[in-house]
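Please read the numbered points below beside the model, taking them in the order in which they are set out. They are meant as a colleague's note rather than a full account.

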Amino acid sequence: MMTQYIGIDVGGSTIKAALVDEQGQLKNYQQCPTTRDDPEKVLQTLTELIHYYQTTTITQVGISIPGVINPAGKMITSGAIAQLHHYAVLDDLQKATHTTVRLVNDANAIALAEHWQGRAKDVQTFVCVPLGTGVGGSIFLNGQLVTGVGGAAGEFGMMLANPEKVSAQTAHLAEYSFNAGAVAGLCRIYNQKLKRVNLADWELSVPQILKKAATGQTEAQESLAIFYQNVATLLLNIRVVLDPSLILIGGGISESQTIINGIQAVLTAITKQHPDLLAIGMPPVLPCQLGNRAGIIGAASQFVKQTRLG
């Protein structure tokens, strides 16, 4: 009988879970809302999910979760899940469920999944850049996931895009997450152009912004142009630093061919303006393949790799 693992993907709005076998197939998929402002409730939900799946033979749990996770498995930051990093997540879950738990940064989980079962299969050096609420990132060099000394390697969203254009009160707006993220970037830029101050009035749907642009709305078209420029600049910088053979774009936004085409067009235009960039070329920039299954698959893959290595 094939070994199974529990894979859980904690997102800002939804927690998804399933059993994952040694071939990356999912069984008994479940999902529930994320109480992102209540970390204790998140821990309770995770505990309940693990209890739901675990048996005497299913005792290994991989969890994809936002934030920086150090080599000891401690969360240093927790992204969209407010204050969760102030809890001993790994220890608390293992004690409550008597299972072996491994945490993995959500972007790294996507890269692990794509390398095992997706578009980066058999690709040894690649970068994955999820464009969600903000910007994530993960790095594979010579077939190995690079996490860095403290677990923060690949946190491309923390890189600074326009530090000279912000004040002390708006310093966060210099980060690439607030310039190239789907929500904090594109949606923020669009709503600011419409002079919408109240967050409750914001348009947070990228497909709606695309529709507005297609019908000729100036604000939508200008916002997309700025967004494409920001993403292209980020990807070119990553290309020069890491020299990957492939760049994958993740997040729900990557399912839009219009978005992918827009990014690629600006990449081509910028590259032609710089002889050195033109000389070294740009690797393929493609959408991730596994969609919303990637976090679950990538979280469980940590145990599959260990089993294969014996």
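1. Asn-70 is placed in the loop between strand S4 (60-65) and H2, where helices (H or I, at least four residues) and strands (E, at least two) are DSSP runs numbered from the N terminus. A polar atom of the Asn-70 side chain lies 2.9 Å from the backbone nitrogen of Ala-72, which falls under the heading of a polar contact (a pair of N or O atoms within 3.5 Å; within protein, one must be able to donate a hydrogen and the other to accept it, and residues adjacent in sequence count only if both atoms are side-chain atoms). Leaving aside residues up to four places away in sequence, Asn-70 touches Ile-76, Gly-150 and Gly-151, with contact taken as heavy atoms within 4.5 Å.

2. A word on provenance: this is a predicted model, in which local features need pLDDT of at least 70 and side-chain atom pairs count only at pLDDT 80 or more, whereas totals for chains, interfaces and linings use all residues. Residues are numbered from 1 along each chain as its sequence is written, and side-chain values use heavy atoms, with hydrogens and water left out.

3. One open sheet has 5 strands in the order S3-S2-S1-S4-S5, with mixed pairing, two strands being paired if DSSP finds at least two bridges between them. Its edge strands are strand S3 (26-33) and S5, each of which pairs on one side only. From one strand to the next the twist averages 20°, with axes being lines fitted to C-alpha atoms (for helices over the stretch in contact) and angles running from 0 to 180 degrees between N-to-C directions.

4. Within that sheet, strand S1 (residues 4-10) and strand S2 (residues 14-21) are antiparallel and share 7 bridges, and the bridge partner of Gly-7 in S2 is Ala-18. S2 is also joined to S3 in the antiparallel sense, by 6 bridges, with Leu-19 having Lys-27 as its bridge partner in S3. The hairpin of S2 and S3 has 4 residues between the strands, and Gly-24 takes a positive phi near 80° there.

5. Two helices pack on these strands. Helix H1 (residues 39-53) lies across S1, S2, S3 and S4 and runs at about 25° to S2, while H2 lies across S4 and S5 and runs at about 150° to S5.

6. Another open sheet of 5 strands has the order S8-S7-S6-S9-S10, again with mixed pairing. Why is one side of strand S8 (144-146) and of strand S10 (285-287) left without a neighbour in the sheet? Both strands stand at the edges and each has a single partner strand, so one side of each remains unpaired in the sheet. The twist here averages 25° from one strand to the next.

7. In this sheet S6 and S7 run antiparallel and are joined by 3 bridges, Phe-126 having Phe-140 as its bridge partner in S7. S7 and S8 also pair in the antiparallel sense, over 3 bridges, and Leu-141 is the bridge partner of Gln-144 in S8. These two strands form a hairpin with 2 residues between them, and Asn-142 in the turn has a positive phi of about 50°. By contrast, strand S9 (residues 247-250) and S10 run parallel, with 3 bridges joining them, and Ile-247 stands opposite Val-285 in S10. Helix H7 (residues 218-242) lies across strand S6 (126-130), strand S7 (138-141), S9 and S10, at about 155° to S6.

8. His-115 is found in helix H3, and a polar atom of its side chain lies 3.2 Å from the backbone oxygen of Val-123. Residues up to four places away in sequence again being left out, the neighbours that His-115 touches include Phe-126, Phe-140 and Gly-143.

9. The second largest pocket holds about 770 Å³ of space. On a 1 Å grid over the protein atoms alone, a pocket is an open set of points where a 1.4 Å probe fits, with protein on both sides within 12 Å along at least five of seven lines, and lining residues have an atom within 4 Å of a point. Its lining comprises 27 residues, of which Val-104, Leu-112, Leu-145, Gln-302 and Lys-305 lie nearest the centre. H10 supplies the largest share of that lining, 6 residues.

Key
Points joined across faces, edges and corners; volume = space filled by probe spheres on them.
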